[in-house]
Amino acid sequence: MRALFLCLLATPALADPFPVARCVNLDQALEAPNEGDWGYTITRPDVAWIAGQGFDTIRLPVRFSAHWDGQIDPAFLTRVDEVIGWATGENLQVILDLHHFEALMTEPAQNAPIFTAIWKELALHYADHDNTLMFELLNEPTENLDTAGAVALFEKVYPVIRQTNPDRWIIIEGGDWANLSALPDLPQIDDRTALSFHYYAPYTFTHQQAAWMDDPLPPDIWGDKDDHAALRADMEQAAARGTPLLLGEFGVTTQTDLAQRVGWTHAVRQEAESHGIGWCHWGLSRNFAILDPATRDWVPGMKDALFSDR
C-alpha cells in the first residue's frame with residue numbers, strides 16, 4: 001500500500017476541476033470543545049440562509065479529537081450527520097474538516113494513530129455519501145507538526161481513505177498555520193486532491209483588536225497601492241502551484257473599521273477569483289462574522305464584499 005502511495009506521489013496527476021467556488025466556514029460551533037461553548041450553535045435556518053445567498057459550499061470545522069474514546073462518540077457523529085444532511089438538502093457541498101487536534105500538533109508521533117483511526121472511521125461512515133462531501137484531513141498544522149510531518153501523516157492515511165472513498169475530493173494543507181509558503185512542499189497525490197492555504201495578511205490588520213487575545217493588536221489600516229501589489233503577488237504565487245486549489249480561510253475581525261474590513265475582503269476575494277482560486281470565508285458567525293446575529297442577515301457591506309464585481 002505504501003508503494004502504491006509513493007507511486008501516486010511521484011506521478012503527475014491530471015487534475016480535475018475543483019468544484020468549490022464560493023464557500024463559507026460554519027465556524028465557532030463544532031470545533032469548540034462542545035458545540036455552544038463559544039456562543040454559537042448551528043441551526044437549520046442558518047444553513048438555508050447560506051444556500052439562499054449564493055454560496056455553493058460550507059466548510060464544517062469539527063473537533064473530532066474532543067469526542068474520541070477509541071471511537072467517535074456516536075451522539076456527536078449523529079450531530080455532524082445532521083448538519084451535513086441539512087447542507088446537502090439545500091444543495092450545498094460540504095468540506096468536512098478535522099479541526100483543532102491540538103494534541104497532534106504538540107505530540108505528533110503519539111497521536112498519529114488516533115488521527116489515522118478517526119479518518120478510518122469517518123471514511124467508512126461516509127463511504128456511501130455522494131461526492132458533494134469532501135474530506136479536509138487536518139486544519140492548520142503548527143507547533144511540532146511542520147509541513148513534512150503533516151505530509152507523512154497524509155501519506156499514511158490516504159490509502160486508508162481511498163479503500164472506501166476512491167473518488168472523493170481530499171483537501172490537504174501545510175505547516176505554519178496553512179501558510180501560503182507551504183504550498184510548494186505539498187504533493188498533489190491524485191486527481192481528487194486539492195491543496196489549501198489560509199490567508200490573513202497582514203496579520204496586524206486582519207486580527208486587530210481581537211478580543212480573545214491577551215494583548216490585542218492596535219487598530220490598523222489597509223488598502224494603499226503597495227498593499228494591493230502584495231496581495232496580487234501572493235495570489236499569483238498560489239496560482240503558480242498549478243493544482244486544484246482552495247483559499248480555505250480568509251477574513252477580518254469584526255472589531256475592524258467596517259469600511260476597511262469590507263475593502264480588504266472584497267480585494268482578497270476578487271484577487272483569488274481572478275486567479276481561478278475557489279474561496280471559503282472565515283466565517284459565518286462570531287469574531288469574523290458575515291451574519292449579523294441581531295438581524296439574522298448580512299453584516300452591512302459584506303455581501304458586496306463577497307459577491308459584487310464593483
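1. In this predicted model, a good place to begin is Arg168, whose charged end sits over the ring of Phe135 at 5.2 Å from the ring's centre.

2. Aromatic rings also meet one another here, and the structure holds 14 aromatic pairs. One of them joins Trp49 and Trp298, a tilted pair with 5.1 Å from centre to centre and 55° between the planes. The two partners come from distant parts of the chain, since Trp49 belongs to helix H2 (residues 44–53) and Trp298 to strand E10 (residues 297–298), 249 residues apart. Both Trp49 and Trp298 are buried.

3. A further pair is made by Phe55 and Trp279, which counts as edge-to-face because the ring centres are 6.2 Å apart and the planes stand at 80°. Phe55 lies in the loop between H2 and strand E2 (57–62), while Trp279 lies in strand E8 (residues 278–281), so this pair ties together parts that are 224 residues apart in sequence. Phe55 and Trp279 are likewise buried.

4. These four residues belong to one aromatic cluster, which is formed by Trp49, Phe55, Tyr199, Phe250, Trp264, Trp279, Trp298 and Phe307.

5. Turning to the whole chain, the protein has 11 helices and 10 strands, and among contacts between residues at least 6 apart in sequence, 76% join residues at least 24 apart.

6. The radius of gyration is 19 Å, which agrees with the value near 19 Å expected for a compact globule of 310 residues, and the C-alpha atoms fill a box of roughly 50 × 40 × 40 Å along the principal axes. Of the 310 residues, 52% count as buried, whereas the protein exposes about 12,900 Å², with carbon and sulfur atoms supplying 52% of that area.

Definitions and conventions:
Residues numbered from 1 in each chain as written. Predicted model: local features only at pLDDT ≥ 70, side-chain atom pairs only at ≥ 80, totals over all residues. Heavy atoms only, no water. Phe/Tyr/Trp six-rings, centres within 6.5 Å; stacked < 30°, edge-to-face > 60°. Helix = DSSP H or I, 4+ residues; strand = E, 2+ residues; numbered from the N terminus. Buried < 20%, exposed > 50% of the residue type's maximum accessible area, 1.4 Å probe, protein only. Lys NZ or Arg CZ within 6 Å of the ring centre and 35° of its normal. Rg over C-alpha atoms; globule rule 2.2 N^0.38 Å. Contact = heavy atoms within 4.5 Å. Areas by Shrake-Rupley, 256 points an atom, 1.4 Å probe, with all protein chains shown as cover.
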